[in-house]
Amino acid sequence: MNPITQLFAIRYPIVQAGMIWCSGWELASAVSNAGGLGLLGAGSMYPEVLKEQIQKCKSATKQPFGVNLPLLYPDIDQHIQTIIEEKVPIVFTSAGNPKTWTSILKNEGIKVVHVVSSAKFALKAQDSGCDAVVAEGFEAGGHNGREETTTMCLIPQVRQAIHLPLIAAGGIGTGKTMLAAMILGADGVQVGSRFVTTPESSAHQAFKEKIIHANEGDTLLTLKELTPVRLLKNKFFNDVMAAYEQDAGTDELQSLLGRGRAKRGMCEGDMEEGELEIGQISAYINEIKPAGDVVKEIVEEYTQLLKTTSLERLKIN
Ligand code: NDP
């Protein structure tokens with residue numbers, strides 16, 4: 001049996017990333033109902049909003065779902081309390097030290113998965129008692145590792161370093177890319193960008209439309225002096241590039257970024273001034289498709305490719 005489907009008691013080892021401003025209860029429940037694992041993105045939710053979202057998700061699915069919790073979230077104690085009170089069975093943590101909260105969550109019977117961008121941090125997550133690790137490569141949208149390790153290089157390295165179940169992320173959104181990640185050593189995948197362009201995602205419609213028209217090279221990892229983030233190019237992105245050309249320091253970049261840019265772009269639909277976090281695979285995405293159909297399509301393509309006829313051309317002797 002697959003270690004990820006076993007760990008979460010789900011049908012397919014496909015996790016929908018808990019993305020800020022995009023992953024609300026409609027998306028998470030749709031993915032869980034389709035046999036994957038849906039995650040609520042708690043990073044952009046005030047404590048009372050997270051509580052409400054969890055309750056709505058529970059009403060919309062009887063299948064397991066989880067919460068993605070960035071450990072740098074300002075009111076993290078309140079989110080942790082809500083998660084425990086609402087008996088959320090699975091938590092994905094990111095952007096922080098997994099030692100701080102893992103044992104507290106695990107003592108409540110919650111499965112804990114930590115998101116990392118290097119083998120070193122994967123070992124740290126394992127030492128902290130996590131149940132699994134998400135290794136996210138350079139291709140991924142939004143906040144990302146400084147080292148720029150691609151999924152292709154990251155997954156085998158993490159696989160070698162740890163014995164925990166491993167979920168690959170970054171550049172994965174099709175059956176073919178899922179199969180590649182599994183061949184590299186992953187037990188399952190986390191998909192973000194493809195689920196942003198579903199009707200169930202809470203991203204603004206203008207953002208969804210911009211993604212489906214994005215081409216190769218339209219996203220870049222930037223603002224490494226602050227928190228590295230992969231953004232879709234727009235006026236704000238160009239302003240950042242212009243600031244670099246004028247040798248802007250960290251303080252100037254921070255003041256250019258300001259506060260709430262991600263909300264302005266992804267939630268409110270300001271395609272010029274907002275921060276538009278999306279992965280490299282956006283170049284491949286060209287339609288808005290229901291989340292359940294995305295899961296089905298990935299599973300079908302993966303299964304088809306596994307059949308020997310499709311792999312015939314890989315034989316080299
Ligand atoms: P900003 O500081 O620019 O803005 C904070 C945003 O989060 C605002 O839009 C605010 O909404 C909303 N928010 C939700 N809950 C709270 C709260 N308790 N206190 C303050 N603001 C809150 O942050 P970003 O938009 O860049 O990042 C948003 C979130 O994304 C971060 O709080 C963090 O949780 C997460 N993040 C995750 C990372 C990762 O996983 N690797 C890395 C970086 C950030 P409003 O405008 O309505 O007040």
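Which side chains meet in a salt bridge with N to O at 2.8 Å within this model? The side chains of Asp239 and Lys235 do, and they appear in the second view below.

Before you look, note that this is a predicted model, in which local features need pLDDT of at least 70, side-chain atom pairs count only at pLDDT 80 or more, and totals for chains, interfaces and linings use all residues. Residues are numbered from 1 along each chain as its sequence is written, and side-chain values use heavy atoms, with hydrogens and water left out.

**View 1. The ligand and the residues around it.** Welcome to the ligand, which has 18 residues around it; Tyr46, Tyr73, Asp75, Gly260 and Lys263 come nearest (a residue is near if one of its heavy atoms lies within 4 Å of the molecule). A ligand nitrogen is 2.8 Å from an N or O atom in the Asp75 side chain. A ligand oxygen is 2.7 Å from a polar backbone atom of Gly260, and a ligand oxygen is also 2.7 Å from an N or O atom in the side chain of Lys263. Taken alone, the ligand exposes 880 Å², and the protein buries 78% of that (areas by the Shrake-Rupley method with a 1.4 Å probe). The shell has ten nonpolar, five polar and three charged residues. Domain 1 (3–200) and domain 2 (205–281) each give at least three residues to this shell; the domain bounds come from an automatic or database domain assignment.

**View 2. A salt bridge within helix H11.** Here you can find Asp239 and Lys235, both in helix H11 (residues 235–245). They lie four residues apart, about one turn of the helix. Their link is a salt bridge (a side-chain nitrogen of Lys or Arg within 4 Å of a carboxyl oxygen of Asp or Glu). Asp239 is partly exposed, at 26% relative accessible area, and Lys235 is partly exposed too, at 35% (buried means under 20%, exposed over 50%, partly exposed in between, with a 1.4 Å probe and protein chains only).

**View 3. Glu297 and its salt-bridge partners.** Arg194 forms a salt bridge with Glu297, with the closest N and O atoms 2.8 Å apart. This pair links distant parts of the chain, 103 residues apart: Arg194 sits in helix H9 (residues 193–196) and Glu297 in helix H14 (residues 291–306). Arg194 counts as buried, at 5% relative accessibility. Glu297 also meets Lys289 in a salt bridge, at 2.3 Å from N to O, and Lys289 counts as buried at 18%.

**View 4. A salt-bridge network.** Lys51, Lys58, Glu85 and Glu86 are linked in a network of salt bridges. A search of the whole structure finds 16 salt bridges.

Conventions:
Polar contact = N/O pair within 3.5 Å; in protein donor to acceptor, adjacent residues only side chain to side chain. Nonpolar A, V, L, I, M, F, W, Y, C, P; charged D, E, K, R; others polar. Helix = DSSP H or I, 4+ residues; strand = E, 2+ residues; numbered from the N terminus.
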